[in-house]
Amino acid sequence: MTLERAALWAVVIAATIFLLVAGRGLLLPFVLGIVLWYMVDSLADTLAQPRLGGLRLPPPLPMVLAVLMIGGLFWIVGRTIGRNVQAVVEAVPSYEARLTHLIEQAARLAGIEQAPTLSELVARISLADTLGSIATAAASVVSVAGLILIYTLFLFVEQVHFKRKLGAIFHGDGQEARVLSVLASIDREIRIYIRIKTTLAAATSALAYLVMSSVGVDFAGFWAVMVFFFYYIPTVGSIMAIIAPALLTLIQFDNLTPFLIVLLVFGSIQVVTANVIEPAIMGRSLNLSPLVVIVSLIVWGTIWGVVGMFLCVPIMVVALIVLAQFETTRPVAVLLSADGRIPESTP
């Protein structure tokens, strides 16, 4: 690669990152709309597959069932989080007393004679500013949710004519088959990722609920839902899913036994699932370098926050497949891969 070409690539990458950061408010709702559309469409395709006896659901029914199932899932999650937020507010005084006691114990162990109180620790926090920020964030979530639904609706409308437009764009130059092959490869890899991740996230969430409810941890249902979503965040999500419930257990109980049970039992489940079972099931389907996954987690998390953390792996899968199709970018695809093997370019 010549120096001029390297400089050109550097400019392109810098401009792309700038646009992603500057246009975050415009791009995120659209990207989340694509994610929601893909979830519904993939579930509808799965429901439309022939079942026992070769029976197949009539065409409109799979899509209707998929919309109802995804909508019901979001309703259950929202209701669970809403109920537990109210319960957390009511339980704050008891947690405050317990946390004050833990701070005093930690101060004594550290040799500090006068331990700071919670009031002193949060004295500089403005309640008015905090409430204003919460209200602004809530209004933003509502407005973004509306935009996401609008984008999703128009994506379903656009889906009807997409292949026809693709054929018109590449008519006569033989590129239509290549583009369709690349899109099919992306679709296959993303579906494998989502299917395996969702199955393991649901299993881990159920086991977390059993462990926490057996110990008597408050808001076990809420934390089980959080564990489900944490599982989609590579590496960091597994750590957060272990630490957050364990810290709540430490604050809630007067002895260390429940804390150790949650930390060791659920921690072992999370580590084995994320580091042993998932790689064994995934195999070489994604073939992304672990270093690339960590770097992309940091980069996309910096650019798009939590949403970027959730989407970093699918984004890099798409990048790997697309870069492998062009001779000039194949070396980059090799660097992104785990073992140097990349998809063959479609002629």
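Is F228 buried or exposed in this predicted model? Select F228 to begin the tour: its relative accessible area is 18%, and because buried means under 20%, F228 counts as buried. Now add F229, whose relative accessible area of 27% makes this residue partly exposed.

Keep both residues selected and look at their rings, which form an edge-to-face aromatic pair, with 5.5 Å from centre to centre and 90° between the planes. This pair belongs to a count of six aromatic pairs. If you then add Y232 to the selection, you will have one aromatic cluster, formed by F228, F229 and Y232.

Next, go to helix α1, which covers residues 3-22 and includes I13. Select L8, W9, V12, I13, I17 and V21 and show their surface, since together these residues make a nonpolar surface patch of about 540 Å². As you look, keep in mind that residues three or four places apart in an α-helix point the same way, because there are 3.6 residues a turn.

Two further helices are worth viewing one after the other. Select helix α6, residues 176-215, and find its end C-alpha atoms, which are 58 Å apart; this agrees with the 58 Å that its 40 residues should span at 1.5 Å a residue. Just after α6 comes G216, where you can check the backbone for a positive phi of about 95°.

Finally, select helix α10, residues 290-323, whose end C-alpha atoms span only 18 Å, although a straight helix of 34 residues would span 50 Å. Centre the view on W304, and you will find a kink of about 145° in α10 centred there.

How values were computed
Residues numbered from 1 in each chain as written. Predicted model: local features only at pLDDT ≥ 70, side-chain atom pairs only at ≥ 80, totals over all residues. Heavy atoms only, no water. Patch = residues over 30% accessible without salt bridge, like charges linked within 9 Å, V, L, I, M, F, W, Y side chains within 5 Å. Areas by Shrake-Rupley, 256 points an atom, 1.4 Å probe, with all protein chains shown as cover. Salt bridge = Lys/Arg side-chain N within 4 Å of Asp/Glu carboxyl O. Helix = DSSP H or I, 4+ residues; strand = E, 2+ residues; numbered from the N terminus. Expected span 1.5 Å × (residues − 1). Bend = angle between axes of the 7 residues up to and from the residue. Phe/Tyr/Trp six-rings, centres within 6.5 Å; stacked < 30°, edge-to-face > 60°. Buried < 20%, exposed > 50% of the residue type's maximum accessible area, 1.4 Å probe, protein only.
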